[in-house]
Amino acid sequence: MKEKIIKIIDNLNDNGKINKKEILLLLTNLCDSENTKLSKIEIESLQEYLREKAYIKSHKIFGNKVYMRGLIEFSNYCKNDCIYCGIRKSNKNAQRYRLSKDDILECCDEGYKLGFRTFVLQSGEDMFFTKKRIVDITSSIKNKYPDCALTLSIGEKNYDYYKAIKESGVNRFLLRHETSTEEHYNKLHPKELLLKKRLECLKIIKELGFQTGTGIMVGSPFQTINNITNDLIFIKKLKPEMIGIGPFLPHEDTPFKDKDKGSINTTLILISILRLLFPFALIPSTTALGTISKNGRERGILAGANVVMPNLSPLSVRKKYSLYNDKICTDEEAMEGLELLRAKMLAIGYEITGERGDHIKHIFKQ
Ligand code: SAM
């Protein structure tokens with residue numbers, strides 16, 4: 001079996017090829033200790049073999065650069081009731097806030113001075129931000145900072161809305177599909193939220209020419225190895241430019257408060273597989289990864305990730321954007337947080353760069 005797994009990893013590394021059966025075999029043996037005949041030592045050495053291939057691949061393309069994106073969490077109002085999420089609408093303990101356009105521009109100003117050339121605006125699905133209001137904000141940012149890339153992560157919208165923000169200059173859009181298995185999707189979301197709708201949104205986003213990001217929470221309640229296999233097949237078909245995956249972490253005010261956290265190991269294994277599948281992809285080492293383990297973000301980079309997303313939101317609201325318990329970096333100034341992260345990356349031989357870091361296919365389209 002060990003040889004078979006090595007062959008799968010080699011083929012993925014050399015030719016970027018892997019089929020569904022091989023993914024299932026790889027994940028069962030590397031991530032599911034109950035269903036493998038391999039010994040612990042064999043599993044660990046295979047995990048390291050995969051990680052090393054991904055690390056080398058990432059290094060060949062990006063060198064020791066890690067791209068930074070300035071995250072601005074501009075509203076935690078949300079009309080949705082995703083069962084896992086701390087800002088779900090029925091969480092009455094969430095202290096809601098919404099930044100004004102001026103607040104958002106101030107965050108960009110601070111970020112620009114610190115060297116950020118990508119801003120990521122994320123929020124709950126806040127109906128206050130109509131197409132007109134959001135376009136006013138995005139076009140102001142693009143006018144003020146024409147040299148910066150702008151990413152939105154604001155959920156499911158209709159075609160006209162996505163088109164308007166694209167025309168206002170937004171370059172990238174993040175919309176994790178969360179899980180591509182309908183039965184699983186329905187266990188994580190209330191009945192009015194449909195996987196079909198989310199996937200249609202992703203299709204529109206891709207067609208409109210955004211650099212498109214998708215992804216999953218690893219170890220979300222009820223997730224199986226089969227589900228993750230389907231997710232990798234889905235991602236393979238979509239060919240996103242960005243792939244965000246992080247462990248599921250419970251939030252105390254949600255029905256999933258007693259569910260287990262996702263596994264850091266499985267998250268790292270998936271990052272490595274994704275790096276080999278998509279050598280040029282922008283893959284963040286997520287805040288959730290940094291929350292689950294003190295050196296989680298470093299381990300993400302060493303497994304093949306190449307992006308970090310420090311928080312630029314005002315300190316006064318940071319704790320309120322609470323998706324899960326114990327989220328890191330909620331009480332550091334942006335400057336302080338960035339310097340700490342820079343030092344952490346330097347310690348593993350990486351340098352944080354302020355470059356925009358567009359996907360190679362889009363560099364010449366700007
Ligand atoms: N509303 C937008 C959307 O739906 O895409 C963006 C905001 S949403 C809070 C951003 C991401 O946070 C989700 O796609 C989900 O994967 C992640 N998230 C939410 N709750 C989480 C939790 N408990 N643990 C880990 N990640 C979580």
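Leaving aside neighbours within four places in sequence, which residues is F119 in contact with? With those neighbours set aside, F119 is in contact with G70, I72, C108, G111, I141, C148 and L150, two residues being in contact if their C-beta atoms, placed from the backbone, lie within 7 Å.

The structure is a predicted model, in which local features need pLDDT of at least 70 and side-chain atom pairs count only at pLDDT 80 or more, whereas totals for chains, interfaces and linings use all residues. Residues are numbered from 1 along each chain as its sequence is written.

**The nonpolar core**

F119 belongs to the largest nonpolar core, which has 99 residues and in which V66, I72 and F119 touch the most other members. Helix α10 (residues 264-277) gives the most to this core, with 8 residues. Such a core is a set of buried Ala, Val, Leu, Ile, Met, Phe, Trp, Tyr and Cys residues joined through C-beta atoms within 7 Å. A residue is buried if 20 or more other C-beta atoms, placed from the backbone, lie within 10 Å of its own, exposed if 12 or fewer do, and partly exposed in between. Helices (H or I, at least four residues) and strands (E, at least two) are DSSP runs, numbered from the N terminus.

**Helices α1, α2 and α10**

In the table, the expected span of a helix is 1.5 Å times one less than its number of residues.

| Helix | Residues | Expected span | End C-alpha to end C-alpha |
|---|---|---|---|
| α1 | 14 residues | 20 Å | 20 Å |
| α2 | 12 residues | 16 Å | 16 Å |
| α10 | 14 residues | 20 Å | 20 Å |

In α10, 12 of the 14 residues are buried, so this helix is largely enclosed by the rest of the structure; among them are I264, T266, T267, S272 and R275.

The buried residues of α1 are I5, I8, I9, L12 and N13. They cover an arc of only 130° around the axis, which puts them on the same side of α1, the arc being that of the directions from the helix axis to the C-beta atoms. On the other side of α1, E3, K4, K7, D14 and N15 are exposed. The cover over the buried residues of α1 includes α2 (20-31), α3 (40-62) and α10. Just after α1, G16 takes a positive phi of about 65°.

In α2, the residues I23, L26, L27, N29, L30 and C31 are buried, and the buried residues of this helix pack against α1, α3, α9 (225-238) and α10.

**Two loop residues**

E125 lies in the loop between β3 (118-123) and α5 (131-144), and is partly exposed, with 18 other C-beta atoms within 10 Å. Its C-alpha atom is separated by 5.6 Å from that of K79, although the two residues are 46 residues apart along the chain. Beyond four places in sequence, the contacts of E125 are C78, K79, N80, I154, G155 and E156.

K320 is placed in the loop between α13 (315-318) and α14 (334-347), and is partly exposed, with 16 other C-beta atoms within 10 Å. The C-alpha atoms of K320 and I87 are separated by 8.6 Å, with their positions 233 residues apart along the chain. Leaving aside neighbours within four places in sequence, K320 is in contact with N76, Q95 and Y97.

**The ligand shell**

The ligand is surrounded by 19 residues, of which the closest are C85, G155, R176, L323 and Y324; a residue is near a molecule if its C-beta atom, placed from the backbone, lies within 6 Å of it. This shell divides into 10 nonpolar, 6 polar and 3 charged residues, where Ala, Val, Leu, Ile, Met, Phe, Trp, Tyr, Cys and Pro count as nonpolar, Asp, Glu, Lys and Arg as charged, and the others, Gly among them, as polar.
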